[in-house]
Amino acid sequence: MYKAIRLNTGSEYQFRVKAKNRYGTGPPITSEAKVAAYPFKVPGPPGTPNVVAYTKDSITIGWNEPVSDGGNEVIGYHVERKERSGIVWYKVSKAIVKGNIFRSSGLEDGVAYEFRVMAENMAGIGKPSKASEPILALDPVDPPGQPVPTFVNKNNITIQWTKPEYDGGFKITGYTVEKRELPAGRWSRANFTNIIETSFTVSGLTQDTAYEFRVIARNSAGAVSLPSDPSDPTTCKDDIIVPRIMVDAIFKDVVLLKAGESFKLDADIGGQPTPSMAWTKNGKEVENTLKLEVRYTDLTTTLTNKDSIRSDGGEFVLTGYVIEKRESSRLVWTNVASDLQLTEHKVTKLLKGNEYIFRVMAEYMFRVAARNEKGTSDPRQIGVPVIVKDLVVAPVAKMLFNTFSVLAGEDLTVDVPYVARPKAAVSWVKDGQPLKRTTRVNFSSTETLLNLSIKEATKDDDRTEEPDLDIDPELRKIVTINAGTTLRLFIPIRGRPTPAIKWVKDEAPLKETAQLETTSSYTSLVIDKMSRNDSGKYTITAENSSGTMSAGVVVRVLDTPSAPTNLKIKEITNQSVTFEWQPPLLDGGSKIKNYIIEKRESTRKTYAAVVTNCHALSWKIEPLQEGCSYYFRVLAENAHGVGLPTATVDPLKVSEVPQTPKSLMVTDQTKTSISLAWEKPEYDGGSRVLQYLLEVQLKGQEKWNNVNTFKTMEATVSNLNPGEEYLFRVTAINDKGKSEPKVLAGPVMAKDLVFEPDVRPQFSCYSVHVGKDMDINIPIFGRPKPAVTWTKDGAPLKFTTRVNINNTPTHTTLSIKEAATDDGGMYGVTVINPAGQRDTTVEIIVLDKPGAPSGPVRFDEITTQSITISWDPPKHNGGCQVSNYIVQKRDTTTTTWENVNINCARTSIKVPRLKTGAEYQFRIIAQNRYGKSCGLDSSSVVAQYPYREPGPPEAIHVTKDTIVIQWTKPEYDGGSNITGYTVEKRDLPEGRWVRANFTNVIDTQFTVTGLTENAQYDFRVIAKNAVGTVSKPSYNSGPITASDNTEAPKFSIDPAFSKTIIINAGETFTLDADVRGKPLPTIKWFKNEKPFENTLRQEIRNTETHAMIVIKDSIRIDSGVYTLQLTNEAGTETNEGGSEITNYIIEKKD
């Protein structure tokens, strides 16, 4: 058994096993594919979050644990939120949340937020919970004060409370009242409309039941308070108060009135429960009539008498008592009514045919008493006693309904109360025939009730009857009614089943204002405010399964006539108007007596009568003011008055022909056409000029020919003969006729005009917002019409569906639809004709957000805690200067960008506060007044010590199986000491890099062993510092062959150095030579046979293949012989003789 470790969670793996012995390895056995995963699942979603507390800048939420933890303990939660109007969820818990409560801060006041929660176990993060209800970030509203009952009766309780001490920063806009029954009821809402005041009456309560109430406040921002403290328990019951009557003191004495005057009696009523009321006069109850009106409310009553007469005198008494009654079929006493007089009472609202009897075992006296909740008054006896004896009563049956309905298949039971002494024989009939008992139909009777029962009713149990309309004889005549009154048609109907009723007028549906009412016994039609248009024949149709019946009622409405028809203007002169018309379609039920003709000026609002007794169908109105506009109308009159008018739609001008047009001139001409223009007449004759007539005459002829009519004051006459001379004239025309013609001053020859072209743009620079349309209209001149060409940035302009050119004889227009950034640039316009050529340019600037900054992003300085980056400005600035740059960064382990600087004015920035060793990416966004550009992303960079790689390794000793290499330290160690090196080698020509050292190399020299003779190798070195940062590999050493061959050192020197060198004092001179040898030789310099050493002025600058010394600011003691010595295993080489400096030349300069 073997345990495979370091697998990637979620990856799928296969395993195979091979057996091995001393003779080799056997064939493998392969496992099935398995996914490396935990033996449990991610947890389920937690419970929906709910609000625990909230303020204007924070919300605290809580939630329940998930139902399923996936088989592993939940280690914490992650919380996300979004605005109610947003669609993107943002994680707000920076670390894993322990527990089931989380406070989200940094919220915007008044914004609604939603939250959701995800649980996490060792298998990962589970699905999110359902989103919480939107929660407003608002300060909480304090609860209102405790409600206090101010009024209580058996069904209503009025409560009052105080406003909240703090309204959450917004005005309180309403309250919600909740109630609950005691002892164990649930809270329920008591109001269904908004409550603005701090009091409310709760109605619909149960008598003798105890209730509690509480109040919730709500402000204008939508914040809702916690409920107030509950009120004290309050029981619904009435307080018993004896009835009382309060009237004005003047009504306690005799009130004197004059005949014809009206009087009004008012009284306020008190008592709990509310007493019943009645007015009496001289002991009799007062009833409503046309002249006497009685009104009641719960606590007041009013009696009003109009047009008083002598008989209205008397005593009016208001009482409040209850009387008892008993029907013969019942055994208990009941209240008759609340309207009881002091000494007598008339019992009303009794059922006709019912017998009200008194069962008396002896002689009984009946009594009347006044009663309310306080108690019952002493009884008052009725003066006539009733003797107990058997009664003989003729049979009387009272059918409560004439018709009973039942669905087919259901049962029907009919109970009919009846009275008979002694008991009467009972029989039932159906459709005139005795009813027989069956298994479905049965009937029975008691002393007071008749019963009919039908089981599973069928159609056979119903009766049918053809429809019948019982039309009153008066309706069969013509019904005449005055306009403005109400038409009421009431028609009884019969038929079984109940017929369907349809009303029409003149075979068309009734108008919408008609009111129809149909029952099983009658139908009625009511039309308010009848007018002439309501005249006609009204037809009613009744239809059921037994047949159809129709009847008609002709209605004539007496009204004024409708408007005359077909008003036409017959003639107009400069002082009169003649018109004619036809009679109205509706005469209003009376003959037309005459017509009324009216006029009004178009500047006035009222009509004036011209004639009021016209008996003809035409009329001439005169005199009228010339040039004035008038409206005219005609009205018909009958015995009921003046009808509706018919009027002219447009004003009519009383006018004459216009004057002659002015200033006829030639505006353009070619060899085949001549263009003309003129001005309107000084006076149009009082009527608008409708058109102009243009005529032409060939020179030498007398006949004028019509060219055409024009509504504008310009025209072009074409198809002329080149070289011919023409004369023109123009005439103005209005609705009165033609003016005198205006003749051109002289004949014009048809020939082409030639002059040099010109193009004159109004501006040299135009700007347009990106996405907007733009038209540049540039005037052009020239004869003949010049050819126009456009260029952009020196190249011919390409026409697309967005970019087009429209040329006219006088203008060239560049149209750009939905301007894009590429549309900006220099546009050239060239106009050419035979007379010459003219060029001009215009610049178009497309105003847009800038393009992305130019890259790549450069890393100018890298440290462990900061990186300095720079970039180039965008190639396109959007038509205006870049105002600033937005610099963002992100850790490459996340996808979230953070702002580093949103107002960077330069193209470089130092990004501080970075994590050492973390890898970052940067994004730069340019911004101008029109928006932000796309971002320029940098490559990834690690915040680390930026030290350099070591120098390239060199072979200093080579054998057939070893090579000794050495190198130089990195130029900069990144601020931390170099702690070691790694040496890598590779076989040439195609070997891979492998490590050559297996222990840390501290020195800058290393011996590579185990090499193959005559094989070529390449070496490189990697440095590591104290903080563990690894440098880039050094440059390669180049091919080195492992062999014992050696080569004596040699050098190449400038021949000039073999002779004596003369230099000036103060100058700098250099001695150098190229060196070679195998292995590489060591280099030594000597002066006058003494070793040459580095000083402030003298410096040795040797490399592997080059030897050099530099002497600055030469002085006399620098003279001498300089010798170069090279040494390796193969020997030593010296430049014999060296270079000698013999003397110096000193110069001066004025």
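In this predicted model, a good place to begin is a single pair of residues, for Asp 668 stands opposite Ser 675, which belongs to strand E58. This pair lies where two strands meet: strand E58, made of residues 674–679, is joined by 5 bridges to E57, and the two run antiparallel. What holds such neighbours together can be put in general terms, since the strands of a sheet pair through backbone hydrogen bonds, either parallel or antiparallel.

From this pair of strands one can step out to the sheet around them, an open sheet of 3 strands in the order E57-E58-E61, with antiparallel pairing. Strand E57 (662–669) and strand E61 (714–717) stand at the edges of this sheet, and each has a single partner strand, so one side of each is left without a neighbour in the sheet. If the direction of the strands is ignored, neighbouring strands of this sheet are turned by 25° against each other on average.

A second group of strands is found elsewhere in the chain, and strand E12, which covers residues 112–121, is a helpful guide to it. Is this strand mostly covered or mostly exposed? Strand E12 is mostly covered, with 9 of its 10 residues buried. One of its partners is strand E9, residues 76–83, which pairs with E12 in the antiparallel sense over 8 bridges; within this pairing, Tyr 77 has Ala 119 of E12 as its bridge partner.

Strand E12 also pairs with strand E13, residues 124–128, again in the antiparallel sense, and here there are 3 bridges. Asn 121 has Gly 124 in E13 as its bridge partner, and E12 and E13 together form a hairpin with 2 residues between them. A further partner is strand E14, residues 135–136, which is joined to E12 by 2 bridges and runs antiparallel to it; in this case the bridge partner of Tyr 113 is Ile 135 in E14.

It remains to ask how far the model can be trusted from place to place. The protein chain averages a pLDDT of 82, and 88% of the residues score at least 70. Over residues 379–389, however, the pLDDT is below 50, although this stretch has 25 contacts in the model beyond near neighbours in sequence. The pLDDT is also below 50 over residues 1142–1150, a stretch with 20 contacts in the model beyond near neighbours in sequence. Where pLDDT is low, the predicted coordinates should not be read in detail.

Methods:
Residues numbered from 1 in each chain as written. Predicted model: local features only at pLDDT ≥ 70, side-chain atom pairs only at ≥ 80, totals over all residues. Heavy atoms only, no water. pLDDT = per-residue confidence, 0-100. Contact = heavy atoms within 4.5 Å. Buried < 20%, exposed > 50% of the residue type's maximum accessible area, 1.4 Å probe, protein only. Helix = DSSP H or I, 4+ residues; strand = E, 2+ residues; numbered from the N terminus. Pairing = 2+ DSSP bridges. Axes fitted to C-alpha atoms, helices over the stretch in contact; angles between N-to-C directions.
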